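Student: I would like to go through this structure by asking, for each label, what value stands behind it. Could you set each value against its cut-off before you conclude anything?

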Amino acid sequence: MLQKVYDWIDERVDITPIWRDIADHEVPEHVNPAHHFSAFVYCFGGLTFFVLVIQILSGMFLTMYYVADIENAWRSVYYLQTEVAHGQIVRGMHHWGASVLIVMLLLHTMRVFFQGAYKKPRELNWMVGVLIFFIILGLGFTGYLLPWDNKAYFATQVGLDIAEQVPFIGEHLKTLLAGDPNIIGAATLARFFAIHVFFLPAALFALLAVHFILIRRQGIAGPL
Amino acid sequence: MKRGKGMQFVGDSRISAKRTPNIPKDYSEYPGRTEAFWPNFLLKEWLVGAVFLIGFLCLVLAHPPPLEGLADPTTIGYIPLPDWYFLFLYQLLKYPFASGKFVLFGIIIIPGLAFGALFLAPFLDNGTGRRPPQRPIAVAMMILALASVVWLTYESAAAVDWEARAEANKPIPPDAVTIDVSDPGYEFYKNSCAMCHGDALEGLSAPSLIGTEYTAEEIAIVSREGIDGDPGMPADAFKGTDEELELLVEFIMSVNEEFAE
């Protein structure tokens with residue numbers, strides 16, 4: 001039955017080469033922990049992506065309860081954490097996932113760096129990877145404000161004060177992020193929510209696509 | 001797309017009538033013990049992922065995500081802290097060479113150089129050798145940078161009493177309890193405790209008393225003898241009689257009972 005459905009679609013759309021191009025590729029011996037245990041360092045990139053998927057899924061569920069508004073943001077998080085079934089676990093996954101993501105990303109970056117895997121012809125992919133690192137840090141910074149508790153509020157105040165000290169564009173940068181040159185309030189929360197949920201993920205997905213396409217084009221770096 | 005004479009298409013589409021055979025590539029000619037990603041290696045990856053997920057969920061279950069009280073811009077003396085992965089940047093701004101007159105070093109020049117070098121690493125370290133001994137400068141710089149980040153993070157985090165911070169900023173809904181000012185114990189509370197713990201027990205310079213973990217007996221003792229340690233609590237905060245102390249403790253416990261409901 002399944003085979004028939006597959007054949008029916010394949011006859012009309014020719015999907016076999018599409019998924020085979022993505023899925024059917026070789027895994028060299030030197031990256032396979034089944035053959036060389038020390039090759040577990042090659043798992044860091046995949047695990048980073050895995051944690052990122054956890055972040056996306058848990059984040060999607062969080063938005064079902066979260067209200068991006070200074071009157072209700074904290075109350076919605078509190079409600080989620082204390083009243084909603086398993087809400088504490090979903091929020092916990094998103095909260096701790098952010099930290100685990102940074103750790104895995106750092107490990108992956110260090111693996112690539114110390115193996116010199118960014119050398120020709122893989123310079124572009126390294127740069128895309130560093131941009132992904134910056135975006136993840138940006139997601140961490142904007143996500144920190146969203147529960148609208150004291151630590152979120154005052155940490156964001158410090159962050160925006162630092163942004164303001166950038167020469168020439170500082171005040172504009174702060175206004176862009178906070179929605180007002182002086183007030184950290186309703187507009188700030190709305191902007192950080194938009195940046196956290198729409199702008200940065202959009203940029204992240206685009207960069208991730210480039211990152212993965214380049215890996216498949218160039219293959220994984222050979223053994224040292 | 002292949003084009004040429006004799007091509008047959010499905011209907012009027014661009015899909016070739018000759019279907020691509022769905023057979024896996026042959027990896028036997030590849031060097032070493034090369035394996036197919038699909039499905040052989042992917043299955044193993046899922047196993048690793050499953051183990052990782054179990055460990056991660058254990059972490060999540062063991063540590064509920066922290067939440068502090070509702071943001072209040074008028075809170076006095078709150079010491080802001082970023083999440084741990086920004087602590088090193090935050091700590092950098094505390095050194096005289098990166099703050100005050102030299103703040104541009106702290107916020108632009110030093111982080112800019114470090115992250116700029118990270119971004120442009122393939123062009124700064126452009127030799128052909130990949131092994132660490134073949135590129136001592138790049139590896140040394142990275143180890144130095146890593147050590148600096150670890151050191152700065154440690155310097156920043158070691159001075160923080162995380163448990164005391166969490167204790168002083170417990171999440172209490174602003175309308176969780178109503179304070180009965182006609183309670184016979186409220187008068188003593190107002191005179192002895194409200195200065196530090198707030199008129200509604202919500203906490204000011206001292207932690208909130210709503211949701212306290214102390215028992216009635218312990219509160220009675222603490223009111224007389226205080227708490228050792230830093231910041232602790234001074235002794236003799238309450239100077240009334242034992243009967244008055246009993247009313248005070250009953251009042252505090254009644255608020256907590258209401259909160260617990």
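Student: Why is B:Arg19 called partly exposed?

Tutor: This is a predicted model, and in it B:Arg19 has a relative accessible area of 33%. Since buried means under 20% and exposed means over 50%, the value of 33% falls in between, and B:Arg19 is therefore called partly exposed.

Student: What makes the pair A:Asp10 and B:Arg19 a salt bridge?

Tutor: The closest N and O atoms of A:Asp10 and B:Arg19 are 2.7 Å apart, and the cut-off asks for a side-chain nitrogen of Lys or Arg within 4 Å of a carboxyl oxygen of Asp or Glu. The pair meets that condition, so it counts as a salt bridge. A:Asp10 lies in helix α1 (residues 2–13) of chain A, while B:Arg19 lies in the segment before β1 (35–36) of chain B, so this salt bridge joins two chains.

Student: Is A:Asp10 buried or exposed, and how do you know?

Tutor: A:Asp10 has a relative accessibility of 1%, and because the limit for buried is under 20%, A:Asp10 counts as buried.

Student: What makes A:Asp24 and A:Arg20 a comparable case for the definitions?

Tutor: A:Asp24 and A:Arg20 also form a salt bridge, with their closest N and O atoms 3.0 Å apart, which satisfies the limit of 4 Å. The relative accessible area of A:Asp24 is 2% and that of A:Arg20 is 14%; both values are under 20%, so both residues count as buried. Beyond such pairs, salt bridges that share partners join A:Asp7, A:Asp10 and B:Arg19 into one network.

Student: How do you know that B:Glu167 and B:Lys170 meet in a salt bridge?

Tutor: The N to O distance between their side chains is 3.3 Å, and this lies within the 4 Å that the definition allows. B:Glu167 has a relative accessible area of 33%, and so is partly exposed. Over all chains, the structure holds 13 salt bridges.

Student: Why is A:Phe168 called exposed?

Tutor: Its relative accessibility is 84%, and as exposed means over 50%, A:Phe168 counts as exposed. A:Phe168 is placed in the loop between α7 (150–164) and α8 of chain A, and it has a positive phi of about 70 degrees although it is not a glycine.

Student: Which label fits B:Asp236, and what is its phi?

Tutor: B:Asp236 likewise has a positive phi, near 60 degrees, in a residue other than glycine, and it is found in the loop between α9 (216–225) and α10 (242–260) of chain B. With a relative accessible area of 45%, which is not over 50% and not under 20%, B:Asp236 is therefore partly exposed.

Student: What omega values go with the cis peptide bonds at A:Pro121 and B:Pro39?

Tutor: For the bond that joins A:Lys120 and A:Pro121, omega is about 10 degrees, and for the bond that joins B:Trp38 and B:Pro39, omega is about -5 degrees. A:Pro121 lies in the loop between α5 (87–114) and α6 (123–145) of chain A, whereas B:Pro39 lies in helix α1 (residues 37–62) of chain B.

Student: Why does A:Pro181 count as partly exposed?

Tutor: At 37% relative accessibility, A:Pro181 lies between the limits of 20% and 50%, and so it counts as partly exposed. A:Pro181 sits in the loop between α8 (170–178) and α9 (186–218) of chain A. Not counting residues up to four places away in sequence, A:Pro181 touches A:Lys174 and A:Thr175, where touching requires heavy atoms within 4.5 Å.

Student: What makes B:Phe97 eligible for a nonpolar surface patch?

Tutor: B:Phe97 has a relative accessibility of 47%, and because a patch residue needs over 30%, this value passes the threshold. B:Phe97 is found in the loop between α2 (87–92) and α3 (103–119) of chain B. The patch also includes B:Phe102, B:Leu104 and B:Phe105, and its members together have about 680 Å² of accessible area.

Technical notes
Residues are numbered from 1 along each chain as its sequence is written. Chains are lettered from A and ligands numbered from 1 in the order in which they are written. This is a predicted model: local features need pLDDT of at least 70, side-chain atom pairs count only at pLDDT 80 or more; totals for chains, interfaces and linings use all residues. Side-chain values use heavy atoms; hydrogens and water are left out. Patches are made of residues with over 30% relative accessible area and no salt bridge: like charges are joined within 9 Å, nonpolar side chains (Val, Leu, Ile, Met, Phe, Trp, Tyr) within 5 Å. Accessible areas come from the Shrake-Rupley method with a 1.4 Å probe; for residues, only the protein chains shown count as cover. Helices (H or I, at least four residues) and strands (E, at least two) are DSSP runs, numbered from the N terminus. Buried means under 20% relative accessible area, exposed over 50%, partly exposed in between (1.4 Å probe, protein chains only).
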